[in-house]
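Colleague: Before I rely on the labels in this model, I would like to hear the reasoning behind them. Could you take me through them one at a time?

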Amino acid sequence: MENEWTELLVTDNEIEAEMIKDLLESGGVPVVIRSSKVRPYPVSVGKMGEVKLLVRKADLEAARAALEQK
């Protein structure tokens, strides 16, 4: 269960997601980005535009604390 991933946040901005991922990974928190966006179409309506950042459950509190300091 230690490797179980959980949702940290949802955004519609891929660049923001990548920046948050870089921030957290620089602090030792692994991050996975899941996107529902359809390539090559720039559709970002509703759930099709969601970009989710996932962290391990064990790292969730550390990730939230890092984002609060941002």
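The exchange below concerns a predicted model and takes up its helices and its sheet.

Colleague: What makes the length of H1 agree with that of a helix?

Modeller: The expected span is 1.5 Å times one less than the number of residues, and for the 13 residues of H1, residues 14–26, this gives 18 Å; the end C-alpha atoms are 18 Å apart, so the two values agree.

Colleague: Which residues of H1 are called buried, and how do you know on which side of the helix they lie?

Modeller: Ala17, Ile20 and Leu24 are buried, a term that requires under 20% relative accessible area. They cover an arc of only 65 degrees around the axis, and therefore lie on the same side of H1. The face turned away from that side carries Ile15, Met19 and Ser26, which are exposed, that is, over 50% by the same measure. The buried residues pack against S1, S2, S3 and H2.

Colleague: Why is Asn13 said to cap H1?

Modeller: A side-chain oxygen of Asn13 lies 2.9 Å from the backbone nitrogen of Ile15, at the N-terminal end of H1, and a polar contact needs such a pair within 3.5 Å, so the distance satisfies the definition.

Colleague: What makes S1 and S2 edge strands?

Modeller: The open sheet has the order S1-S3-S2 with antiparallel pairing; S1 and S2 each have a single partner strand, so one side of each is left without a neighbour in the sheet.

Colleague: How do you know that S1 and S3 pair?

Modeller: Pairing requires at least two bridges, and six join S1 to S3, so the criterion is met; one of the bridges links Thr11 with Val51 in S3.

Key. Residues are numbered from 1 along each chain as its sequence is written. This is a predicted model: local features need pLDDT of at least 70, side-chain atom pairs count only at pLDDT 80 or more; totals for chains, interfaces and linings use all residues. Side-chain values use heavy atoms; hydrogens and water are left out. Helices (H or I, at least four residues) and strands (E, at least two) are DSSP runs, numbered from the N terminus. Buried means under 20% relative accessible area, exposed over 50%, partly exposed in between (1.4 Å probe, protein chains only). The arc is that of the directions from the helix axis to the C-beta atoms. Contact means heavy atoms within 4.5 Å. A polar contact is a pair of N or O atoms within 3.5 Å; within protein, one must be able to donate a hydrogen and the other to accept it, and residues adjacent in sequence count only if both atoms are side-chain atoms.
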